Amino acid sequence: MVVLRESCSANNIDVNLEAIIDPRQSTGVPGGDELLAFANGVVGNDTEALDSAREKLASALGAEAVSAASLIVGNYSRNDRAANAIGIPMEPMFLEMSEDFRERLGINEFTSAANSLK
Amino acid sequence: MALYENSNFPIGPETETVHTEELATFSQPGVWFDGAERRSIAQAARRARIAAGIQGANTTSDAEHDDGLIDETMRLVIDAIAARPMAITEDLFDDAIADGLSEGRYVEIAGICARLANLDDVARGLNIDTGALLPAQQGEPSRETPSVLKDEGAWAKTIPSSGGGPEGEALYGGNEMQPFIYRSISQIPPEAKRQMITGDLQYLSLENFMDFNYSAHPSLTRAQVEILSGRVSAFNECFY
């Protein structure tokens, strides 16, 4: 989320980080809500919601965006599993850069937080 | 049939080639498991995802077959990593080691389950069948443990990117600031190498990471890419 905030800041976008935790909220990023719904659909267990999200994403951002979004979701599905399975800690720089929003968003309560906050 | 031939959404030839190679690795001899065992681990990972409802009906039928190569300790590890990554605690690792699974075998299982989830989630996103696992290749596992493994603060030892000697140089290409995510499964260098190859291809290469206007995907801005990565990591409760 540090990189999300920085990339939005670089483009004068006021991003709502709470939406990443609660996807019922709006991100403030163009196309962001369709992307959130799609990501949620791919990793979640509601196939109808995924099918609907895929259609809406294709309509909003195009067929190439569905391909790209699938590749990004898959990439993080892999990385998250590797990180959580091996118990790697977060680098100090990113720990510091995320300090101001982690507690507010409940990220410090993630089970895997114990690997970095020990 | 080509891996993405039935996709209504375009996937470039480089990605299709790399993913076809990626799929083949699950049936090839690894470091601690032979081809049949690795294939069986991949099948079990798919079964766990189906049982959890996160892998739909468009999964190839090869996942249904259980050839009995997975013991109970391995199954618990596979189920957790494949289907419930948000609930993994250090107890999973400690219990597996206490039950006789070596650290190297644990890490190799983690690599297989994580990398397979990538391919299978891409297929789910594209609304196509998952790629069929290839028949197991003959051959012995290499049984090579890197000589430079260190306790860098994770549960399993890793190859450091600074001071990793020739093995670190070979794996990280001389980058002494390799992020921990790419060192996570480095105890099994071929697994870590595949993670980096697909990471560069699907997300971005490390030299562009701090360029917050850079996106490797023309159809998405960097902010849009990070919306996706943020949501997936929040869902999986990945603090990293």
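A residue counts as buried if 20 or more other C-beta atoms lie within 10 Å of its own. With that cut-off in hand, a good place to begin in this predicted model is B:Asn236, which has 24 other C-beta atoms within 10 Å and is therefore buried. This residue sits in the segment after α9 of chain B. Leaving aside neighbours within four places in sequence, B:Asn236 is in contact with residues of both chains: A:Asp80 and A:Asn84 on one side, and B:Pro85 and B:Met86 on the other. B:Ala36 offers another point of reference, as its C-alpha atom is separated from that of B:Asn236 by 29 Å, with the two positions 200 residues apart along the chain.

We can now step back to chain B as a whole. Chain B contains nine helices and zero strands, and reading along the sequence gives the pattern α-α-α-α-α-α-α-α-α. The radius of gyration of chain B is 18 Å, close to the 18 Å that the globule rule gives for 240 residues, so chain B is as compact as a globular protein of that length. Along the principal axes, the C-alpha trace of chain B spans about 45 × 45 × 35 Å. Burial is found well beyond B:Asn236, as 50% of the 240 residues of chain B count as buried. Among contacts in chain B with a separation of 6 or more, 62% come from residues 24 or more positions apart.

The next topic is the meeting of the two chains. Chain B gives 68 residues to the contact, and chain A gives 64 residues. On the side of chain B that touches chain A, the elements giving two or more residues are α4 (90-98), α5 (103-126), α7 (180-183), α8 (189-202) and α9 (222-235). Of these, α9(B) supplies the largest share, 14 residues. By residue type, this side of chain B divides into 39 nonpolar, 21 polar and eight charged.

Finally, chain A offers a helix pair to look at. The axes of helix α4 (residues 47-61) and helix α5 (residues 63-86) of chain A come within 6 Å and cross at roughly 125°. The two helices, α4(A) and α5(A), are therefore oblique to each other, and their crossing is right-handed. From α4(A), the contact is made by A:Arg54, A:Leu57, A:Ala58 and A:Leu61, while α5(A) brings A:Ala63, A:Ala65, A:Val66 and A:Ala69. These contact residues divide into seven nonpolar, no polar and one charged.

Technical notes: Residues are numbered from 1 along each chain as its sequence is written. Chains are lettered from A and ligands numbered from 1 in the order in which they are written. This is a predicted model: local features need pLDDT of at least 70, side-chain atom pairs count only at pLDDT 80 or more; totals for chains, interfaces and linings use all residues. Axes are lines fitted to C-alpha atoms, for helices over the stretch in contact, and angles run from 0 to 180 degrees between N-to-C directions. Helices (H or I, at least four residues) and strands (E, at least two) are DSSP runs, numbered from the N terminus. Angles under 35 degrees count as roughly parallel, over 145 as roughly antiparallel, 65 to 115 as roughly perpendicular and the rest as oblique. A crossing is left-handed if the near helix is turned anticlockwise from the far one by less than a right angle, and right-handed if clockwise. Two residues are in contact if their C-beta atoms, placed from the backbone, lie within 7 Å. Ala, Val, Leu, Ile, Met, Phe, Trp, Tyr, Cys and Pro count as nonpolar, Asp, Glu, Lys and Arg as charged, and the others, Gly among them, as polar. The radius of gyration is taken over C-alpha atoms; the globule rule is 2.2 Å times the number of residues to the power 0.38. A residue is buried if 20 or more other C-beta atoms lie within 10 Å of its own, exposed if 12 or fewer, and partly exposed in between; C-beta atoms are placed from the backbone.
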